[in-house]
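Trainee: Could you walk me through this one before I go back to the bench?
Mentor: Gladly; let us have it in front of us.

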Amino acid sequence: MIFQLVLLSTLIGHSTFKNENSSPHNVKIVFRCDDFFLEPTPLNDKIIYEFKKYKIPVSLGIIPYDTFGVPFNNLDSKRLTTLKSMIKKNEIEIMLHGYNHLNNNLNGGYFQKEFKSEFRSESFDIQFSKISRAKKTLDSLLNIDVIIFVPPFDSYDDNTLKVLDSLNFKIISSDMAGSSASKKIVYIPKTTEEIELLPSMIMKYRNDDVVIVFLFHPYLFKESENHIGYDYSQKISFTEFDSILSWVSKQSYVTSYTFTNLATAENFDCNRYNANAARYNLFISIAHKLRLFRYAVYSSVSYEKQYKFILISANLLFHIVTLLLTYYVSRFLATKMKRQIIRLFVTGLFIILIISIINYYHPMWMIINIFLLMNLVVSIIGINTGLKTVKVKRQNPILIRNREIMVFYRGLKRKMRLLLQPRF
Ligand SMILES: [Zn+2]
């Protein structure tokens, strides 16, 4: 057991191993700012100039329509001209962040659990009409041809990808849960939103070949009057953000990219996207919750291939650990209380777990649930074997004692018979 845990920690530790052959610029970083409205606020101005100050490009996800379906632009001509010139100089990259970022309230999952989305579950026609209108408005306003789509709530489906293909979008940036049906689209998902972890993540992977896509919103800053999506404890002041950006700009092994430049620098096809997806491995999804094993980075395909065997073994090990854990815990409990009570308790727990798994809506729920169900099956086996062995053990001492007495008695009888037999 201890050996397995040591092995597990060694596997986790693998992620920080140095790669001797890596190039000097190893960490590629993109700053993605969602929910950017064309509003002349001091905060918006600050965000734009903050990045310019350190010569780091920033990718702005703009929402081009308001909640009433009216094009939204409150920028004065001076600001609009500045924005356009910064776009030309590659200091700012523009991304389309939906149509008006409203939740379509189309529920999903077996128990109709709510998920937020502007596009998922909508028909192709509805999605096409919204995205094409949003693109046209943004393009003509800023004199650009926007090719990056950032779905609101990081939520989309196969129809969204079909629409993006037909409108000549080249890049989608969402999270790791999305659909990956399009072969034409380049997938560069966000990898982290935790600003306080950013410097330590960059340091940790400085000798690795990784991509970090840091997502933030204008609400991240304490200066923002809006508090959507962030607890106050998660927010930072502009001064703190300034010192982080300053630090990033000084690291020789970090290169800042726009999505467009990054997409031309290396391959971001659906194979790489799927290889990085934690959804195929229960071990990784749990490790990522604990911020372990390639957490907050997007790895190269060669890395994923190299570690495929380790990841499969880790997953297997995870099931073995579950089996052993449930086995020993149930055995221990069986000595403390009645087995019927344990069975009742465990059955109740499984029913709750199964309901919550079915209820858990996710675009890739089938794959995730297969792993979870496999783990549930393993746990059931562990508990049952645990309870059964206790039963056998309880009966055995008497049986063994009886058998021993019988053997001893028979032996004694034979010896007596031999002793009493007349000798010639
Ligand atoms: Zn958003």
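Mentor: What follows is a short talk about the strands, the core and one loop residue.

Trainee: Anything I should know before reading it?
Mentor: This is a predicted model, in which local features need pLDDT of at least 70, side-chain atom pairs count only at pLDDT 80 or more, and totals for chains, interfaces and linings use all residues. Residues are numbered from 1 along each chain as its sequence is written.

Trainee: How many helices and strands are there in the protein?
Mentor: The protein has 14 helices and nine strands, where helices (H or I, at least four residues) and strands (E, at least two) are DSSP runs, numbered from the N terminus.

Trainee: And what share of the residues counts as buried?
Mentor: Of the 424 residues of the protein, 30% are buried. A residue is buried if 20 or more other C-beta atoms lie within 10 Å of its own, exposed if 12 or fewer, and partly exposed in between, with C-beta atoms placed from the backbone.

Trainee: Let's take E2; why is it largely enclosed?
Mentor: Strand E2 covers residues 58-62, and five of the five are buried, so the rest of the structure largely encloses it. On one side the buried residues are Val58, Leu60 and Ile62, and on the other they are Ser59 and Gly61.

Trainee: Which way do E1 and E2 run?
Mentor: Strand E1 (residues 27-36) and E2 run parallel and are joined by three bridges; two strands pair if DSSP finds at least two bridges between them. Within E2, leucine 60 is the bridge partner of cysteine 33.

Trainee: What about E3, how many bridges does it share with E2?
Mentor: Strand E3 (residues 92-96) pairs with E2 over five bridges, in the parallel sense, and isoleucine 92 in E3 stands opposite valine 58.

Trainee: Which helices go with these strands in β-α-β units?
Mentor: Helix H2 (residues 42-53) forms a right-handed β-α-β unit with E1 and E2, and helix H3 (residues 77-88) forms a right-handed one with E2 and E3. A crossover is right-handed if, with the strands pointing away from the viewer, the path from the first strand over the helix to the second runs clockwise.

Trainee: Switching to the core, which residues touch the most other members?
Mentor: In the largest nonpolar core, of 65 residues, these are Ile29, Leu96, Ile148, Ile171 and Ile212. Such a core is a set of buried Ala, Val, Leu, Ile, Met, Phe, Trp, Tyr and Cys residues joined through C-beta atoms within 7 Å.

Trainee: Which strand gives the most to this core?
Mentor: Strand E7 (residues 210-216) does, with seven residues. Apart from this core lies another, of six residues, including Phe283 and Phe318.

Trainee: Is E7 mostly covered or open, and what does E7 pair with?
Mentor: Seven of the seven residues of E7 are buried. E7 pairs with E1 in the parallel sense over seven bridges, with phenylalanine 216 standing opposite cysteine 33, whereas the pairing of E7 with strand E9 (residues 298-299) is antiparallel, over two bridges.

Trainee: One last thing: is aspartate 145 buried or exposed?
Mentor: Aspartate 145 is exposed, because 10 other C-beta atoms lie within 10 Å. Aspartate 145 sits in the loop between helix H4 (124-142) and strand E4 (148-149), and its C-alpha atom is separated by 8.1 Å from that of lysine 135, ten residues apart along the chain.
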